[in-house]
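Me: I would like a close look at a single part of this protein, explained for someone in the first year. Please define each term with its cut-offs when you use it.

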Amino acid sequence: MNRANEISGERDESQQLDKLSLIYEKHPAYGVDLYISGKEGASDLPMLREHGITTVVNCAVNLDFNYVQQAALVADHEGSVYGPGEIRYYKIGLIDGSGNPDTQMLAAYYILKAALEQVLPEKPSYPRREHGSVLINCRGGRSRSVVVVSLFLHSTLPQEFPTLESAVAFVRTQRSLPETEWYKAPKPVLIEAARQAAAWIRGIEENSRPVRSK
């Protein structure tokens, strides 16, 4: 992780945060970089391509993107489009606060894991098969995306991040979140949901390991 987390020339002044932040360089299990942004970064396709980002995981229920540029129009819905987007796109759909089901943070972890591990078939209907870097976003890049990435790092790299709190502290630093915002970035209810999800993940993955014969 020797690359600077601040992407020069890409600071979003309205949010007082970088438009795009490198959080973890070359995850050892996947060999790709993990980024965080808000809506401004996730909607900037040229910038995503410049940084080798081929996959976007959107954590926010109240935010969507249309990455379809070569669209087939839906005949009975004027203005609607469908087709493969210019980038692979996954939606988690968390509320930034209370109201999420207990298991949704667990789902968030496995959706992000699937975005990294999914192997698409060699068919024309699956044109986005590239395996590049991954952007995890929410509306501001302060809360939902931060807690999902923290949970992922804690669960996949427990020797480096033995506690969820250590992962949250690391991601806050990499995202350059002001210390004055830490009480709400991420939201405490989301941190608690991630703590519960981490316990479930340990149980699931412990039980899924093959049993060695004696």
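The part I have in mind is the place where helix α3 and helix α6 meet.

Reply: The model is predicted, so local features need pLDDT of at least 70 and side-chain atom pairs count only at pLDDT 80 or more, while totals for chains, interfaces and linings use all residues. Residues are numbered from 1 along each chain as its sequence is written, and side-chain values use heavy atoms, with hydrogens and water left out.

The protein chain has 6 helices and 9 strands; these are DSSP runs numbered from the N terminus, H or I of at least four residues for a helix and E of at least two for a strand. Of its 214 residues, 48% count as buried. Buried means under 20% relative accessible area, exposed means over 50%, and partly exposed is in between, with a 1.4 Å probe and protein chains only. Among contacts (heavy atoms within 4.5 Å) between residues at least 6 apart in sequence, 68% join residues at least 24 apart.

Now the crossing. Two packed helices are described by the angle between their axes and the distance between the axes. Helix α3 covers residues 104–117 and helix α6 residues 188–208; their axes come within 8 Å and cross at roughly 65 degrees. Such axes are lines fitted to C-alpha atoms over the stretch in contact, and angles run from 0 to 180 degrees between N-to-C directions. The crossing of α3 with α6 is right-handed, that is, the near helix is turned clockwise from the far one by less than a right angle, where anticlockwise would be left-handed. On the α3 side, the contact is made by Met 105, Leu 106, Tyr 109, Tyr 110 and Lys 113. On the α6 side, Leu 190, Ala 193, Ala 194, Ala 197, Trp 200, Ile 201, Ile 204 and Glu 205 take part. These residues divide into 11 nonpolar, no polar and 2 charged. Here Ala, Val, Leu, Ile, Met, Phe, Trp, Tyr, Cys and Pro count as nonpolar, Asp, Glu, Lys and Arg as charged, and the others, Gly among them, as polar.

Two residues of α3 deserve their own account. Leaving out residues up to four places away in sequence, Met 105 touches Leu 190, Ala 193, Ala 194 and Ala 197, and also Leu 94, Val 147, Val 148 and Leu 151. Together with Val 148 and Leu 153, Met 105 has the most contacts inside the largest nonpolar core, which has 58 residues. A nonpolar core is a set of buried Ala, Val, Leu, Ile, Met, Phe, Trp, Tyr and Cys residues joined through side-chain atoms within 4.5 Å. In soluble globular proteins, nonpolar side chains tend to be buried together.

The second residue is Tyr 109, which is buried at a relative accessible area of 1%. The structure holds 9 aromatic pairs; rings of Phe, Tyr and Trp (its six-membered ring) pair if their centres lie within 6.5 Å, and planes under 30 degrees apart count as stacked, over 60 as edge-to-face and the rest as tilted. The rings of Tyr 109 and Phe 152 have centres 5.8 Å apart and planes at 40 degrees, so this pair is tilted. Tyr 109 lies in α3 and Phe 152 in helix α4 (residues 144–156), so the pair ties together parts that are 43 residues apart in sequence. Phe 152 is buried too, with a relative accessible area of 0%. Ring pairs link Tyr 30, Tyr 109, Tyr 110 and Phe 152 into a cluster.

Helix α6 has other partners. Arg 195 lies in α6 and is partly exposed at 33% relative accessibility. Leaving aside neighbours within four places in sequence, Arg 195 is in contact with Leu 164 and Glu 165. The C-alpha atoms of Arg 195 and Glu 165 are 9.1 Å apart, with their places 30 residues apart in sequence. In α5 (164–174), the buried residues include Leu 164, Phe 170 and Val 171, and the buried residues of α5 pack against β3, β4, α4 and α6.

The loop between α5 and α6 holds Pro 186 and Ser 176. The peptide bond from Ala 185 to Pro 186 is cis, with omega near 0 degrees. Ser 176 has a positive phi of about 60 degrees although it is not a glycine, and is partly exposed, with a relative accessible area of 30%. Most residues other than glycine have a negative phi, and most peptide bonds are trans.
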